[in-house]
Amino acid sequence: YIPVIQTMNLSNVLAVSGLSGLYELASNRPNGLLVVPIEGGKSKFCSSRKHQFTPLETVAIYTWSDTAELKTVFKSMTEKIVEVPLPDPKSGKEELNAYFEQILPEFDRERVYPNDIKKVIKWYVALEAQGYLTATDEEE
């Protein structure tokens, strides 16, 4: 069996500078955004003067030739989760790079830092736990 991603809705998911975790966009305001943590909880206002907002669907990983969308990386992580389990985000540089080589062999080792890989793993775990990356088992 290979897990296959059915849906991956990252359109309203944001990373907000200065705040840990991921957030879903609740609404726009002229001077900022109203966001809700993806784990649930109260919405909070984030001023655009104090925070930067990064929609996950705009995030990409550097490769030798161009970039790979985060969606593509998450899809590869899901497909290979059985034979290549997720490393601990606190792992060393060598272990993180070895993991990413199996997930995205063409990633640019000079421009993708261990902290980037840690962030991708943390985001993947958070999104998977909240059902943003839904997978079903399908026979090979």
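1. The largest pocket in this predicted model has a volume of about 480 Å³. Its lining comprises 21 residues, and those closest to the centre of the pocket are Ala15, Asp116, Lys119, Val120 and Trp123.

2. As to the elements behind this lining, strand E2 (13-16), strand E7 (60-62) and helix H3 (114-129) each give two or more residues to the largest pocket. Helix H3 supplies the largest share, namely six residues.

3. The chemical character of the lining is mixed: twelve of the residues are nonpolar, five are polar and four are charged. The residues closest to the centre of the pocket include Asp116, Lys119 and Trp123.

4. Turning to the fold, the secondary structure of the protein consists of three helices and nine strands. Along the sequence these elements follow the order β-β-β-β-β-β-β-β-α-α-α-β.

5. On contacts along the chain, the relevant set is made up of pairs of residues at least 6 apart in sequence; of these contacts, 57% join residues that are at least 24 apart.

6. With regard to burial, the protein has 140 residues, and 34% of them are buried, where buried denotes a relative accessible area under 20%.

7. The surface exposed by the protein amounts to about 8,500 Å². Carbon and sulfur atoms account for 48% of that area.

Notes. Residues numbered from 1 in each chain as written. Predicted model: local features only at pLDDT ≥ 70, side-chain atom pairs only at ≥ 80, totals over all residues. Heavy atoms only, no water. 1 Å grid on protein atoms, 1.4 Å probe; cavity = no way out; pocket = protein on both sides within 12 Å on 5 of 7 lines; lining within 4 Å. Points joined across faces, edges and corners; volume = space filled by probe spheres on them. Helix = DSSP H or I, 4+ residues; strand = E, 2+ residues; numbered from the N terminus. Nonpolar A, V, L, I, M, F, W, Y, C, P; charged D, E, K, R; others polar. Buried < 20%, exposed > 50% of the residue type's maximum accessible area, 1.4 Å probe, protein only. Contact = heavy atoms within 4.5 Å. Areas by Shrake-Rupley, 256 points an atom, 1.4 Å probe, with all protein chains shown as cover.
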